[in-house]
Amino acid sequence: MTMTTAPITSATAPATATATAHAVPVSPSRGALRPLGLDEVRITGGLWAERQRVNGTATLDHIEGWLEREGWLANYDLAVAGVLPEGRRGREFSDSEVYKYLEALSWEIGRLQAEADAAGRRATDGGADAAASVARLEARLRAIVARVAAAQEPDGYLNTRFGRPGQEPRWSDLEWGHELYCLGHLFQAAVARVRTRPDADDGLVEVARRAADLVCEVFGEGSDERICGHAEVEVGLAELGRALGEPRYLDQARLFVERHGRGTLADIEWGRSYYQDDVAVREAEALRGHSVRANYLAAGATDVAIETGDRELFAALDRQWARTRERRTYVTGGQGSHHQDEAFGEDWELPSDRAYSETCAGVASVMFSWRLLLANGEAKYADLIERTLFNVIETSPDASGTAFYYANTLHQRVPGAPADPDVVSPRAHSSLRAPWFDVSCCPPNTARTFASLAAYLATADAAGVQLHQYAPSVVRTVLEGGRDAAFEVETSYPRSGSVVMRMLEDSAEPWQLSLRVPAWAAGAALTLRPADDGPTQEWSAAPGMVSVSRAWRVGDEVVLDLPTDPRFVAPDSRVDAVRGCLVVERGPEVFALESVDLDGTPLAASDFADLRVDASVAPVDGASGAGVVVRLVDARTDAAADVPLVPYHAWAERGPSTMRVWIPSR
């Protein structure tokens, strides 16, 4: 048995690794780590299992209902009937929400099929219900694909906003038209389909292939050399090329990436940085401009760098990620501090009350970080993924999965008004969650993320398995040389820092189990408890990756203990907006003060802006275990009270309130 706390690899550019086809959103042909897919990892309990349940039973139905109600699905029927543009509804990018929904359906079908297969192996109840759900979702997916496919033109063009009599010509408004953006999401939906149901005959993959062929013809080398104003086609083409083994698609993604910064798009009020057409990707120092566009482009550019072995490009992206995380990312993991252009601010420009922190930027940030993690295996990327999952993506939907935040403020000065559940919200600014928006990119974006979430938990390499995110789960995979690796994870993380990995199969040959120790977890410990009553072994575990290698036996346990006591965290002194404030964290969760929790305390009549946190009194866990309690003082009256804070992702579930994450310190 050997044990190490060193990173799996410290390579700064992609290294060769074995790629295997599994149900994963991204599958690079090389890199330090291979992602484990929905057919290898199942989430079985806890917060994320509940979110997946709600996503599958409520959110997907909710999204399809609004797509029908608002006419965004019916646009395809109008195209077939030849009555566009009359009757068309939705913004120029509404097609993309249909494709994100198809992607979410595809991942959910794959997730439920994995559940059914697992129940069959265990000969337990539940398999029949999962199989019935798969059949129901299959029927829904096929019905929508048929409507979409019928609207595709003979040469592969597919868009309901452009290109038909009475509409603007194809590709005539690449700054704002989103034609290529929409196709990028179509390509990602096809990837999800081919990875979860490779033998499906519904036609989605063929629709995507024909559209991708047209894009290569129109925008290939020596042809139209413009880019799309909203990056997305890059990441869609790269992954479709991987999934279908078509190098032309990857090459087209490379062309789009390299064309950014040439000024091929018209200058606008916010400058070409808005759509990353001001500086070449490999020359930029940080992500800038529209935060969703920037992260989608970075994710696609990382795909290109990995597949082409472009070390210079990869190093540039890694550099941009590091500066963006340090200087342009909120404590929640949110990104984007400008409302008018949904964009990054300058370094250290992170005002809480003006935080835009769009949910879709969080999704795109996870996509970017995950690709970097697969490339070089460093734990810092998984740290940001975890923070973003808990404090941005999980914050967007309410507990019922039928109302959403588009933007995620860190300071609500005025209580919001409840949203009408039957009315589309015209604005994205945070107030209370709304059921649907004029721009409803975030609901289907969260849906596709939650449906595929298990594919972001674990990876493998030649040595063994790496666990990056902690949730009750089961991991089963086959390592190089035919070695079986199987274990279950038991934990109530992040409420508790104890994570137990229990082996489910014997292994004749040793393999290495590696676990992420988050950067905040100084003082973590690792324990090995052999099933054969051998001696228990204990080690300290520094932040990074900690590993145990062993010929495992059924029942062997590895226990990772992470210190999850609540803690005060001070901001970087260069962030002017929150200087002199503190935030409370427990594990990866950020906590928030809501005005509703002042009721019944001596601070009930206090002005919310006068409250100060007493830093001399350490935060403690609340009685229920869900919240954290801090001592607050009214700066004007000196009245004081112990007040509970709620996890930021759970704020605004109890009606209108004022809220803040960063609390001025006494």
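In the predicted model, helices α10 (311-327) and α12 (379-393) each supply at least two residues of the lining of the largest pocket. The largest share of this lining comes from α12, which contributes five residues. The volume of the largest pocket is about 680 Å³. Its lining comprises 25 residues, and those nearest the centre are R325, T329, Y330, V331 and R387. By residue class, the lining of the largest pocket consists of 16 nonpolar, eight charged and one polar residue.

The second largest pocket has a volume of about 580 Å³. Its lining is formed by 31 residues, with R91, F93, E342, Y406 and V439 lying nearest the centre. Two or more residues of this lining are given by each of the elements α3 (94-122) and α9 (291-308). The element that gives the most is α9, with three residues. The lining of the second largest pocket divides into 15 nonpolar, nine charged and seven polar residues. Such spaces can be located in a general way, since rolling a probe the size of a water molecule over the atoms shows where empty space is left.

T329, one of the residues nearest the centre of the largest pocket, is situated in the loop between α10 and α11 (359-376). With a relative accessible area of 9%, T329 falls under the 20% limit and is therefore classed as buried. The side chain of T329 takes part in two kinds of pairing. The backbone oxygen of T324 is reached by the T329 side chain at 2.8 Å, and a polar contact of 3.0 Å links the side chains of T329 and Q335. When neighbours within four places in sequence are left aside, the residues in contact with T329 are T324, G334, Q335, L350 and L384. T324 and Q335 thus appear both in the contact list of T329 and as partners of its side chain, T324 through the backbone oxygen and Q335 through a side-chain polar contact.

A second loop residue, E232, lies between α6 (204-219) and α7 (233-244). E232 has a relative accessible area of 0% and is buried. Residues up to four places away in sequence not being counted, E232 touches Y181, G184, H185, Q188 and Y296. With H185, the side chain of E232 forms a polar contact of 3.3 Å. E232 and A79 are separated by 153 residues in sequence, and their C-alpha atoms are 24 Å apart in space.

Charged side chains were examined next. In general, side chains of opposite charge can pair when their charged atoms come close. The count for the model comes to 65 salt bridges. One of these joins R136 and D61, with 3.9 Å between the closest N and O atoms. R136 belongs to helix α4 (residues 127-150) and D61 to helix α1 (residues 46-69), so this pair ties together parts that are 75 residues apart in sequence. Both partners lie between the limits for buried and exposed: R136 is partly exposed, with a relative accessible area of 37%, and D61 is likewise partly exposed, at 36%.

The salt bridge between R111 and E108 lies within a single helix. Its closest N and O atoms are 2.8 Å apart, and both residues lie in helix α3, three residues apart, or about one turn of the helix. R111 counts as buried at 11% relative accessibility, and E108 is also buried, with a relative accessible area of 2%. Helix α3 is also one of the elements giving two or more residues to the lining of the second largest pocket.

R327 and E326 form a further salt bridge, in which the closest N and O atoms are 3.4 Å apart. R327 is partly exposed, with a relative accessible area of 25%, and E326 counts as partly exposed at 43%. Salt bridges also link residues into a network, which includes E138, R142, R193, R197, D201 and D202.

Note on methods
Residues are numbered from 1 along each chain as its sequence is written. This is a predicted model: local features need pLDDT of at least 70, side-chain atom pairs count only at pLDDT 80 or more; totals for chains, interfaces and linings use all residues. Side-chain values use heavy atoms; hydrogens and water are left out. On a 1 Å grid over the protein atoms alone, a cavity is a set of points where a 1.4 Å probe fits but cannot get out, and a pocket is an open set with protein on both sides within 12 Å along at least five of seven lines; lining residues have an atom within 4 Å of a point. Grid points are joined across faces, edges and corners, and a volume is the space filled by probe spheres set on the points. Helices (H or I, at least four residues) and strands (E, at least two) are DSSP runs, numbered from the N terminus. Ala, Val, Leu, Ile, Met, Phe, Trp, Tyr, Cys and Pro count as nonpolar, Asp, Glu, Lys and Arg as charged, and the others, Gly among them, as polar. Buried means under 20% relative accessible area, exposed over 50%, partly exposed in between (1.4 Å probe, protein chains only). A polar contact is a pair of N or O atoms within 3.5 Å; within protein, one must be able to donate a hydrogen and the other to accept it, and residues adjacent in sequence count only if both atoms are side-chain atoms. Contact means heavy atoms within 4.5 Å. A salt bridge is a side-chain nitrogen of Lys or Arg within 4 Å of a carboxyl oxygen of Asp or Glu.
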